[in-house]
Structures are given as C-alpha cells and as structure tokens.
Amino acid sequence: MTTAEIIRMVLLDDMTRFYNSKAWKNVRAKARRRDNNECQLCKAEGKHSKCEAVHHIKEVRDYPELALTLSNLFCVCKVHHNREHPEKLQKQKKKFDNEERW
Ligand SMILES: [Zn+2]
Ligand SMILES: [Zn+2]
C-alpha cells in the first residue's frame with residue numbers, strides 16, 4: 001500500500017479499507033509483538049493490561065506517510081486509547097468500541 005493510496009482513502013473517508021488492509025494488519029501485529037501485547041501507558045504506570053488497540057501517535061489523517069511506520073505506533077488498552085482521543089469520544093461514541101477504527 002502506498003502513501004498515495006492511503007491519502008485517497010483519507011480523502012474518501014474510507015478508513016475502513018485501510019484498517020482492513022493486509023499492510024495494516026502486518027504492521028499492527030509487529031507493534032503488538034514489539035510491545036509484548038501490553039498497554040504501554042499502563043506499563044509506564046507500573047501496571048499490566050492487555051493491548052486492545054494499536055494507536056497512531058501521529059494520526060493517519062494528518063500524517064498518512066506514517067500510517068504504516070512501526071515507530072509511529074504503540075499498544076494501548078481501551079481506557080488509555082479513549083484518553084488519546086478525547087475529541088472523538090464526544091463526536092463518535094458509537095465507533096469508540098471498535099479498536100480498528102483509530
Ligand atoms: Zn492502559
Ligand atoms: Zn488511536
């Protein structure tokens with residue numbers, strides 16, 4: 001998948017296609033392995049919880065060229081992922097539970 005293709009998905013608001021892509025699933029699996037399948041923010045607090053989402057540090061919409069870059073990703077639990085997206089929580093409560101969305 002090229003950056004141009006990702007940009008097109010962003011413009012068409014077709015992120016489902018991105019999150020369903022093989023390229024994303026590959027890099028997501030790598031991030032989970034690297035992070036030991038644990039929430040990195042819980043870990044920083046000395047706790048352990050399962051990785052429930054792989055978060056983009058720089059959002060795909062703003063940095064499509066970093067969408068598949070491992071160093072732009074880290075594992076989070078649901079609680080921490082929600083905290084990383086306070087603006088979306090208000091607008092898109094329904095999509096909130098879907099770890100693939102963001
Ligand atoms: Zn956490
Ligand atoms: Zn996220």
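Reader: Which residues of strand 2 point one way, and which the other way?
Author: This is a predicted model, so let's read strand 2 off its coordinates with that in mind. In a regular strand the side chains alternate between the two faces of the sheet. Strand 2 fits that picture, and its residues on either side are buried. Leu73 and Cys75 point one way, and the other way go Phe74 and Val76.

Reader: And strand 1, which residues point which way there?
Author: Strand 1 covers residues 53-56, and here too the residues on both sides are buried. One way you'll find Ala53 and His55, and the other way Val54 and His56.

Reader: How many bridges join strand 1 to strand 2, and what is the bridge partner of His56?
Author: The two strands run antiparallel, with four bridges joining them. Follow the pairing across from His56 into strand 2 and you land on its partner, Leu73.

Reader: Which residues coordinate the zinc ion (ligand 1)?
Author: Look for the donor atoms, which sit at 2.0 to 2.3 Å from the zinc ion. Three of the donors are SG atoms and one is an ND1. They belong to Cys39, Cys42, Cys77 and His80.

Reader: Why is the arrangement around the zinc ion (ligand 1) tetrahedral?
Author: Ideal angles for four tetrahedral donors are 109.5 degrees. Four donors count as tetrahedral if all angles lie between 85 and 135 degrees. The zinc ion's four donor atoms pass because they subtend angles of 106 to 114°.

Reader: How are the donor residues spaced in sequence, and how many residues apart are Cys42 and Cys77?
Author: The spacing of the zinc donors reads C-x2-C-x34-C-x2-H. Within it, Cys42 lies in helix 4 (residues 40-44), while Cys77 lies in the loop between strand 2 and helix 5 (78-84). That pair links distant parts of the chain, and the separation is 35 residues.

Reader: Is Cys42 buried or exposed?
Author: Buried means under 20% relative accessible area. Cys42 is therefore buried, as its value is 6%.

Reader: Where do the buried residues of helix 1 lie around its axis, and what covers them?
Author: In helix 1 (residues 3-11), the buried residues are Ile6, Met9 and Val10. They span an arc of only 100° around the axis, so they share the same side of the helix. The face turned away from that buried side carries the exposed residues Ala4 and Leu11. What covers the buried residues includes helix 2 (15-20).

Definitions and conventions. Residues numbered from 1 in each chain as written. Chains lettered and ligands numbered in written order. Predicted model: local features only at pLDDT ≥ 70, side-chain atom pairs only at ≥ 80, totals over all residues. Heavy atoms only, no water. Donors = N, O, S within 2.8 Å, 3.2 Å for Na, K, Ca; no water. Tetrahedral: all angles 85-135°; square planar, octahedral: opposite > 155°, others 65-115°. Buried < 20%, exposed > 50% of the residue type's maximum accessible area, 1.4 Å probe, protein only. Arc of directions from axis to C-beta. Contact = heavy atoms within 4.5 Å. Pairing = 2+ DSSP bridges.
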